[in-house]
Amino acid sequence: MEVKIYNKKAFTLVEMVVSMLIIAFIAGYAWKLYSNSGETMRHTVSQSQIQADIRGFLDNLEAEMMTCYSFDTIDTDKKMFSFYCFTYSKQPLDNILYDGSNIKSTGPDSDASIKVKKIEYSWENGIVTKKRTPGWLYFLQNPMKFEASTSNAFDATDKAMTKEELRDISEFEVKGYSQELGGNPEDKGLKITQLKPEDSYKAAFIVLRLHTHKDEGAKRRDEEIDIVNKFYSTIRVANLTNLGYFSTTDRDGRY
């Protein structure tokens with residue numbers, strides 16, 4: 001009887017262990033790549049959203065500065081600032097500035113007023129809040145007086161409202177500055193002075209710093225943006241830098 005013996009080859013225990021270690025290493029590395037790519041995508045999307053929110057906020061503030069008649073309060077310590085914006089009015093200019101044939105005088109009893117909306121931005125607990133109040137500004141009084149109004153004279157875009165503008169803001173710094181021509185008329189240099197809160201009405205521009213910081217925990221990257229912008233009151237700067245080209249009546253009595 002003939003017996004055939006077949007030589008069957010198989011993995012040894014050592015080979016199996018080594019193979020399993022290699023497979024585990026490759027699978028772990030692949031998972032790490034997948035996890036990192038997911039975190040990168042999440043971070044990029046979140047960072048882009050924060051940038052879009054801040055850009056929208058700054059664009060809106062810049063548009064408001066285009067109609068900013070005067071700053072009301074700029075308080076660095078309280079982290080807030082407010083200003084008056086022109087709004088559409090059917091009130092003729094002659095009725096604002098003149099009483100019959102006589103120009104309206106300055107003083108605490110002046111009844112000359114213009115239609116405005118008061119805009120206030122403030123920061124507290126990481127949230128930037130915007131408050132809008134329509135009303136009338138008695139601009140020939142010294143100091144100017146603002147009187148809130150709820151009349152139908154204001155349309156929907158000027159109605160009173162309060163809303164949250166930004167979240168996750170760790171730093172909100174604002175400073176007000178006056179700007180004037182230095183020296184004599186031949187001197188083209190500008191004199192810039194940082195203002196105290198009580199002198200906010202003299203401000204030509206503000207410098208605003210926004211620092212966002214969103215803590216995502218130990219295993220995720222935080223979202224963080226630090227941006228500084230300068231915002232000019234277009235009307236105030238036009239008067240200051242183009243002397244003789246604009247005629248204004250204000251609480252200082254000049255015309």
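**View 1. Gln 179 faces Ile 192 across two paired strands.** In this predicted model, Gln 179 stands opposite Ile 192, a residue of strand 10. Strand 10 has strand 9 as a partner, and strand 9 covers residues 169-181. The two run in the antiparallel sense and are joined over five bridges. As a reminder for reading this close-up, strands of a sheet pair through backbone hydrogen bonds, either parallel or antiparallel.

**View 2. Four strands make up an open sheet.** Stepping back from the pair, you can follow the strand order 10-9-11-12, with antiparallel pairing. Which strands form the edges? They are strand 10, at residues 190-194, and strand 12, at residues 223-232, and each of them pairs on one side only. On average, neighbouring strands of this sheet are turned by 20° against each other, direction ignored.

**View 3. Cys 68 and Cys 85 do not form a disulfide.** For Cys 68, the closest cysteine sulfur belongs to Cys 85, at 5.6 Å. Why is there no bond between them? A disulfide needs the two sulfur atoms within 2.5 Å, so 5.6 Å is too far. Starting from Cys 85 instead, the closest cysteine sulfur is that of Cys 68, again 5.6 Å away and too far for a bond. By this rule, the disulfide count comes to zero.

**View 4. Are these two cysteines, Cys 68 and Cys 85, buried or exposed?** Cys 68 is buried, with a relative accessible area of 0%. Cys 85 also counts as buried, at 1% relative accessibility. The cut-off behind both calls is under 20% relative accessible area.

Key:
Residues numbered from 1 in each chain as written. Predicted model: local features only at pLDDT ≥ 70, side-chain atom pairs only at ≥ 80, totals over all residues. Heavy atoms only, no water. Pairing = 2+ DSSP bridges. Axes fitted to C-alpha atoms, helices over the stretch in contact; angles between N-to-C directions. Buried < 20%, exposed > 50% of the residue type's maximum accessible area, 1.4 Å probe, protein only.
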